[in-house]
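Here are my notes for you on this one. Have a look at the model first, then work through the points at your own pace.

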Amino acid sequence: MIIIYSAVVLAALGLISGSFLAFAAEKFKVKADPREKLVEAALPGANCGACGFPGCSAFAKAVVKGEADPEGCIPGKRTGTPETIKKIMNALQEKIDEVWENSEENPDKALELLEGEGSSNNKKKSKAPTKPTKEEKEKYESKLKDNTKASAIYGVLPNIDCGLCGCKGCAHFAIEISKGNIDPEKCVPGKRQNVAENIEKLKEMDEKEIEKLLEETEGDPGEIKKKVNDK
Amino acid sequence: MPEGTRLFFIFLSAMLVNNFVLARFLGICPFLGVSKKVDTAVGMSIAVIFVMVMASIITWILNLLLVALSISFLRTVVFILIIASLVQFVEIFLKKISPSLYDALGIYLPLITTNCAILGLALLNVQQNYSLIETIIHSFGAGFGFALALIIFSTVRERMELYEIPESFKGTASALVSAGLLSMAFMGFQGLVKL
C-alpha cells in the first residue's frame, strides 16, 4: 500500500508542478523585439567594440532603446550602416512585424525585404567583413620578424584582426603599410586611437630609431603605443 | 501565553535569535555570493522571502497528506520538488517583470533551489508541529531574518571596498571574517526570547 501511495503522490505532484510551470512559461513569455534583431543584422558584425558597447548585439539593443546613436558604429559608417539603422528605426511597427513574419523570423531575410521596399539609394547592402582565419593571421605574424618597420607599425594597430581594411589581419596590414601599398586610414577601428597619425610618426623615424624603440619595448604592442603616443 | 504574543515571539525568534544565516548557518552560498551590492541583495532577499513563504505554506498542506497516507518518509523528496518548481516559477516571472534584476541575480536565482535555508525552514515547521498561521509567521520571520543578514552584510562589504585591506585578506577572506563578526553580534540576541 505504501509503495502505491508513494508512487501516486510523487507522480501527481510532478504532473501538477510540471503543468503549472509549462503554463507559467507560456503566460510570461519574453518576446524578443524584432527591431533589435534587424539592427543587429544591419551591423557589420565585427564586434570591434569601437562604439563602446560589448559587441554588436549590445549596441543594437542600445540603439533600439534610444541610448546610442546609430552613427556610433564606426566600421559601418562607410558602408551606410547608420542609414540602414535609421530606416529600421523609422519604419512603422506594423511594417517591422510584417517583414519579420514574412521572412520566418530570419533577420537577414527580413532586412532584405525591408530594404527592397524603400528607395534605391541603399542598394549595395554591405557584406560583413571576413575575419581572417587563424592560419592566415599566423602566416603574416611570423613574417613580421624580418621586418622591423612593420613590427613597429603592428604595435600601434588595434590588434583585433577585424579584417575591415581588407587585409588578412593586423600583421598583414602592417606589412602592406610598410611597403606603401595601402593607406593607413583604412584601419577603421583605429581611427579613435590616432592610428594613422602614429603610423605617420613611425614612417618619419629611421631604421635605428625604430630598432631602439623595439628593443626598449621588447615588441610589446601596449608599450609601443604608449611610446609613440607620447612623441 | 496569549496567542498574539506567541506569534510575535515566533517571528522575533526566527528573525533575530535563530537567524537562519547567522545563528543556524543555513543558506551561506547566496549570503556570500549576492552580497557584493546592496541592490542585488535586496532583490535576492525579496525572492527568498517569497519562495520561503510560498514553499512553507504548500509544504505544510502537503505534509498533512503525507501524514494521512503514512508516507511521511517522503517529506524531503516532496519538499525539494515543491521548492524547485517554485524557484523555476520565480525565475520565469522575474525574467518577464524585471530583466535587470534577473541579470543581476544570475546563477544565484536558480541556486535558491538548493538553498538549504528554504528546505530547512520547511522541515523545521513540520518538526515543531506548527499550525498553519504559525508556519506563515515563522517563515516570514525566517525570510526577513535572511534579508536582514544579507542587506547588513552587503552594506558592510560595500564599505569595505573603499578601505585599504592587506593583499592576502582581499575578497572572500575579509568577507568571511566580517561574516563571522556579524554572526557574533547576532549571538547577542541569544536569550531574548524563550519559547
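The points below go through the salt bridges, a charged patch and the nonpolar core.

1. Before anything else, keep in mind that this is a predicted model. Every value quoted here is computed from it.

2. Let's begin with charge pairs. Over all chains, the structure holds four salt bridges. I'll pick out some of them in the next points.

3. In chain A, look for A:Lys95 and A:Glu98, whose side chains meet in a salt bridge at 4.0 Å, N to O. Both residues sit in helix α5 of chain A (residues 93-102), and they are three residues apart, about one turn of the helix. How open are they to the outside? A:Lys95 is partly exposed because its relative accessible area is 25%, and buried would mean under 20%. A:Glu98 is partly exposed too, with 42% relative accessibility.

4. Now over to chain B, where B:Arg6 forms a salt bridge with B:Glu134; their closest N and O atoms are 3.0 Å apart. This pair ties together distant parts of the chain, 128 residues apart: B:Arg6 belongs to helix α1 (residues 3-17) of chain B, and B:Glu134 to helix α7 (residues 132-160) of chain B. Is B:Glu134 buried or exposed? With a relative accessible area of 7%, B:Glu134 is buried. Its partner B:Arg6, at 28%, is partly exposed.

5. Chain B has another pair worth finding: the side chains of B:Lys170 and B:Glu167 meet in a salt bridge, 3.5 Å from N to O. B:Glu167 counts as exposed because its relative accessibility is 62%, and the cut-off for exposed is over 50%. B:Lys170, at 47%, counts as partly exposed.

6. Next, back to chain A for some charges on the surface. A:Asp183, A:Glu185, A:Glu197, A:Glu200 and A:Glu204 gather there in a patch of negative charge. Try locating A:Glu204, which lies in helix α10 (residues 195-204) of chain A. A:Glu204 is exposed, with a relative accessible area of 66%.

7. Finally, the inside. Which residues have the most contacts within the largest nonpolar core? They are B:Phe31, B:Val78 and B:Ile112, and the core has 52 residues. The elements giving two or more residues to this core come from both chains: α1 (2-27) of chain A, plus α1, α3 (38-68), α4 (75-97), α6 (116-127), α7 and α8 (172-187) of chain B. The biggest contribution is from α3(B), which gives nine residues.

Methods. Residues are numbered from 1 along each chain as its sequence is written. Chains are lettered from A and ligands numbered from 1 in the order in which they are written. This is a predicted model: local features need pLDDT of at least 70, side-chain atom pairs count only at pLDDT 80 or more; totals for chains, interfaces and linings use all residues. Side-chain values use heavy atoms; hydrogens and water are left out. Patches are made of residues with over 30% relative accessible area and no salt bridge: like charges are joined within 9 Å, nonpolar side chains (Val, Leu, Ile, Met, Phe, Trp, Tyr) within 5 Å. Accessible areas come from the Shrake-Rupley method with a 1.4 Å probe; for residues, only the protein chains shown count as cover. Lys and Arg count as positive and Asp and Glu as negative; His and the chain ends are not counted. The place of a charge is taken as NZ of Lys, CZ of Arg, CG of Asp or CD of Glu. Helices (H or I, at least four residues) and strands (E, at least two) are DSSP runs, numbered from the N terminus. Buried means under 20% relative accessible area, exposed over 50%, partly exposed in between (1.4 Å probe, protein chains only). A nonpolar core is a set of buried Ala, Val, Leu, Ile, Met, Phe, Trp, Tyr and Cys residues joined through side-chain atoms within 4.5 Å.
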